[in-house]
Amino acid sequence: MLREATADDVHLMLSWRNQETNRQVSKTSHEITAEEHARWWSAVRDDPSRRVLVYVRDDRPCGVVTFFDLRLEGPRTGAWGFYLDADGLDGRGETLPAWLGVMREAVEYAFDGLHLDRLDGEVLGHNTVVRQMNRRFRFVEGTPRQELSDGREITVIPISLARADRRQR
C-alpha cells in the first residue's frame with residue numbers, strides 16, 4: 001500500500017535514505033544531514049508538482065516513493081524514484097517481495113492515480129539489478145550520460161514507461 005508521507009515519517013525516510021545500500025545507488029551518495037533533509041521536506045511537502053508517498057507492507061512502513069516534475073495538464077508526465085528500508089527488509093528476508101510490491105504499486109499509482117501518459121526516471125549504470133527489474137516492468141532505457149556527483153563520476157541512464165506499454169496485472 002502507498003500512502004501520503006507525513007511529518008511523522010520524516011525521520012524514517014532519512015534513516016532509510018542514509019543506509020549504505022541506498023547511498024551506493026543514488027546520485028547523491030553522501031550521508032544526508034538532518035538539516036538537508038528538513039530543507040527537502042519543507043520544499044516538497046506542499047509542492048503541487050511532487051508527491052511523497054510511504055510504501056507500507058504488512059502494516060509496516062518500509063519505503064519511500066517520490067513523484068516529481070509532475071505535469072498534469074496536456075500530455076501528463078512525471079518522474080519518479082524510490083528507496084526501501086534495505087536493512088530492515090533484508091533482516092526479515094522480505095527484500096524481493098517488497099521491491100516487486102513497491103514497483104507495482106508505484107506504477108499503478110502513476111497511471112491509475114495520477115493518470116500519467118508517461119512515467120520517467122533514472123537509474124545508475126552500475127545498478128544492474130534495478131535495470132533488470134525496470135525491464136521486467138517494461139521501462140525503456142534511453143541514452144546514458146556521464147555526470148559528476150559527490151566527487152565521483154557516474155553513468156546515469158534515463159528510463160521511461162508509456163501508459164500503453166505498462167504491464168497489466
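Here is a short chat about two helix crossings and the largest pocket in a predicted model.

Colleague: Let's start with helices H5 and H6. Are they parallel or oblique to each other?

Modeller: H5 covers residues 95–113 and H6 covers residues 128–136. Their axes come within 11 Å and cross at roughly 50°. That angle makes H5 oblique to H6, so the word you want is oblique.

Colleague: And is the crossing of H5 with H6 left-handed or right-handed? Which residues of H5 make the contact?

Modeller: H5 passes H6 in a right-handed crossing. On the H6 side, the contact is made by Val 129, Val 130, Met 133, Asn 134 and Arg 136. On the H5 side, the residues are Leu 96, Trp 99, Leu 100 and Met 103.

Colleague: How many residues in the contact of H5 with H6 are nonpolar?

Modeller: Sorted by class, that contact has 1 polar and 1 charged residue. The nonpolar ones number 7.

Colleague: Now for H1 and H3. Why are they called oblique?

Modeller: Helix H1 spans residues 10–17, and its axis comes within 11 Å of the axis of H3. The two axes cross at roughly 120°. Angles from 65 to 115 degrees count as roughly perpendicular and those over 145 as roughly antiparallel. This crossing fits neither range, and H1 and H3 are therefore oblique.

Colleague: Which residues of H3 touch H1, and how many charged residues does that contact have?

Modeller: From H1 come Val 10, Met 13 and Leu 14, and they meet Ala 34, His 37, Trp 40 and Trp 41 of H3. By class, the contact of H1 with H3 has 6 nonpolar residues and 1 polar one. As for charged residues, there are none.

Colleague: On to the largest pocket. Which element gives the largest share of its lining?

Modeller: About 1300 Å³ of space lies in that pocket. Of its 36 lining residues, the closest to the centre are Val 25, Ser 26, Gly 81, Phe 82 and Tyr 83. Elements that give two or more residues to the lining include helix H2, strand E3 and strand E4. The largest share, 6 residues, comes from E4.

Colleague: How many residues of that lining are charged?

Modeller: The lining has 16 nonpolar and 13 polar residues. The charged ones number 7.

Terms used: Residues are numbered from 1 along each chain as its sequence is written. This is a predicted model: local features need pLDDT of at least 70, side-chain atom pairs count only at pLDDT 80 or more; totals for chains, interfaces and linings use all residues. Side-chain values use heavy atoms; hydrogens and water are left out. Axes are lines fitted to C-alpha atoms, for helices over the stretch in contact, and angles run from 0 to 180 degrees between N-to-C directions. Helices (H or I, at least four residues) and strands (E, at least two) are DSSP runs, numbered from the N terminus. Angles under 35 degrees count as roughly parallel, over 145 as roughly antiparallel, 65 to 115 as roughly perpendicular and the rest as oblique. A crossing is left-handed if the near helix is turned anticlockwise from the far one by less than a right angle, and right-handed if clockwise. Contact means heavy atoms within 4.5 Å. Ala, Val, Leu, Ile, Met, Phe, Trp, Tyr, Cys and Pro count as nonpolar, Asp, Glu, Lys and Arg as charged, and the others, Gly among them, as polar. On a 1 Å grid over the protein atoms alone, a cavity is a set of points where a 1.4 Å probe fits but cannot get out, and a pocket is an open set with protein on both sides within 12 Å along at least five of seven lines; lining residues have an atom within 4 Å of a point. Grid points are joined across faces, edges and corners, and a volume is the space filled by probe spheres set on the points.
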